Amino acid sequence: MNAVAPNGSPALVDVTIIGGGPCGLFAAFYAGLRGMSVRIIDSLPELGGQLMALYPEKFVYDMPGFPQVYAKDLAKALIEQGTQFHPELALEQTATSLTKTDEGYVLGTAKGDEFPTKTVIISAGAGAFSPTKIGVAREDDLVGKGVYYGVKDKATFAGKKLLIVGGGDSAFDWCLNLCDVAESISLVHRRDVFKAHEDSIEKVKAMGTPMKLWYVIKELHGDDKLTGVTLENTQTKETEYVDCDAVVVNIGFKSSLGPIKEWGLEIEKNQIKVDSKYETNLEGVFAVGDVCTFGSKLKLIATGVGEAATAVCFAKTRLDPSAKLFPGHSSDLELSK
Ligand SMILES: Cc1cc2nc3c(=O)[nH]c(=O)nc-3n(C[C@H](O)[C@H](O)[C@H](O)COP(=O)(O)OP(=O)(O)OC[C@H]3O[C@@H](n4cnc5c(N)ncnc54)[C@H](O)[C@@H]3O)c2cc1C
């Protein structure tokens, strides 16, 4: 639920966090702990950053206190912790502009929304993620009308003849998760080797899911909505028409710092330069996690979340000079569950 000002526009918050990956989520938690009002903006429909978008089924071994944890489980715990103070979530919103105001900044998004904020923490990783497209004619016209890059609501696929494109974890997870609602599911993959977890591959095979291996989508058919596709065999170049109502494309994500590079920030090798407070050359704008750079930078979650906590404390004292930089220990607090 977005916080709104009396005039109906988004409210001014203490801090806006660009990027809901591990570092942004920890920043949201820490800012909440420090009594700050928080907004998280992310271009993706779900929180979790790279953990969810790139390697949900991989084990992570270097989280303090967790000898091994699936990336998706780590993301789930970070999301629970990061949203416990109810930050405003602006998902599927890509921050494209940063304008200085008397109160701080206004962040503009690709959808044309404007979010006022006193301070900004950029935890944008390698930049805004967007799904890799199939790359065929009329693809953009049919987005949401039969072409999908993720699943927001399983009901969308109820009774549909569905093609799932890809050979990774997302493709196999959706074969398993949509089989109870779709009329039929076939998997289309450009090779015969999969990157998905072995267990998911075995389950999908055991269900008898038809697999079109060595095939890609060559054409999309249908005027107002998808009615079928032409598949092409990548080896023989033979084509065939397949009747279907929906295609879920899971062939990865692209990321780009994009417009952030135009905000007047000092950039070095695609990363934002910060000082020891994790503040950038723009006052009140901090950068943490993979997106920032400094002398001893390591691109790790364990170090990035520490950067987030430090940046939040400096943002706090910037807004309230009487506040202590060191907030005390969380174990001294009583947080209601
Ligand atoms: C395969 C793989 C395995 C890894 N294994 C490990 C490991 O074992 N241990 C470890 O410590 N690290 C690991 N990493 C690295 C780790 O995932 C990253 O260091 C971490 O995700 C960085 O977190 P972050 O919050 O800085 O950014 P990210 O996780 O990249 O999140 C950034 C978020 O910002 C959003 N965003 C960016 N720009 C905008 C914008 N303009 N507007 C709106 N939203 C925007 C993106 O959509 C994204 O959701 C691994 C990485 C990969 C790819």
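Me: Ala, Val, Leu, Ile, Met, Phe, Trp, Tyr, Cys and Pro count as nonpolar, Asp, Glu, Lys and Arg as charged, and the others, Gly among them, as polar. This model is predicted. How many residues of the shell around the ligand are nonpolar?

Reply: Sort the shell by class. Charged residues number 5 and polar ones 13. The nonpolar count is 19.

Me: Which residues come nearest to the ligand?

Reply: Start with the whole shell: 37 residues lie around the ligand. Five of these come nearest, and each carries the letter G. They are G19, G21, G49, G125 and G289.

Me: Which helices and strands each supply at least two residues of that shell?

Reply: Both kinds of element take part. The strands are β2 (38-42) and β9 (128-131). The helices are α1 (22-33), α2 (50-53) and α6 (301-319).

Me: How far apart are the centres of domain 1 and domain 2?

Reply: First find the domains. Domain 1 covers 13-130 + 254-332, and domain 2 covers 133-251. Taken over C-alpha atoms, their centres are separated by 34 Å.

Me: Are α1 and α3 roughly parallel or roughly antiparallel to each other?

Reply: Helix α3 spans residues 71-82, and its axis comes within 8 Å of that of α1. The two axes cross at roughly 30°. Angles under 35 degrees count as roughly parallel. So α1 and α3 are roughly parallel.

Me: Which residues of α3 make the contact with α1?

Reply: α1 passes α3 in a left-handed crossing. On the α1 side stand P22, L25, F26, A28 and F29. The contact has 7 nonpolar, 2 polar and no charged residues. On the α3 side stand L78, I79, Q81 and G82.

Me: What is the class make-up of the contact of α1 with α6?

Reply: The axes of α1 and α6 lie 8 Å apart, at an angle of about 35°. From α1 come P22, C23, F26, A27, Y30 and A31. They meet I301, G304, V305, E307, A308, A309, A311 and V312 of α6. By class, these residues are 12 nonpolar, 1 polar and 1 charged.

Me: In which handedness does α1 pass α6, left-handed or right-handed?

Reply: Compare the two crossings of α1. Its crossing with α3 is left-handed. With α6, the crossing is right-handed.

Me: Is α4 oblique or roughly parallel to α5?

Reply: Helix α4 covers residues 169-178 and helix α5 covers 198-206. Their axes are 9 Å apart, at about 40°. That angle makes the relation of α4 to α5 oblique.

Me: How many charged residues are in the contact of α4 with α5?

Reply: α4 brings D169, F172, D173, C175 and L176. α5 brings S200, I201, K203 and V204. The contact holds 5 nonpolar residues and 1 polar one. The charged count is 3.

Notes:
Residues numbered from 1 in each chain as written. Predicted model: local features only at pLDDT ≥ 70, side-chain atom pairs only at ≥ 80, totals over all residues. Near = placed C-beta within 6 Å. Helix = DSSP H or I, 4+ residues; strand = E, 2+ residues; numbered from the N terminus. Domains from an automatic or database assignment. Axes fitted to C-alpha atoms, helices over the stretch in contact; angles between N-to-C directions. Parallel < 35°, antiparallel > 145°, perpendicular 65-115°, else oblique. Left-handed = near helix turned anticlockwise from the far one by under 90°. Contact = placed C-beta atoms within 7 Å.
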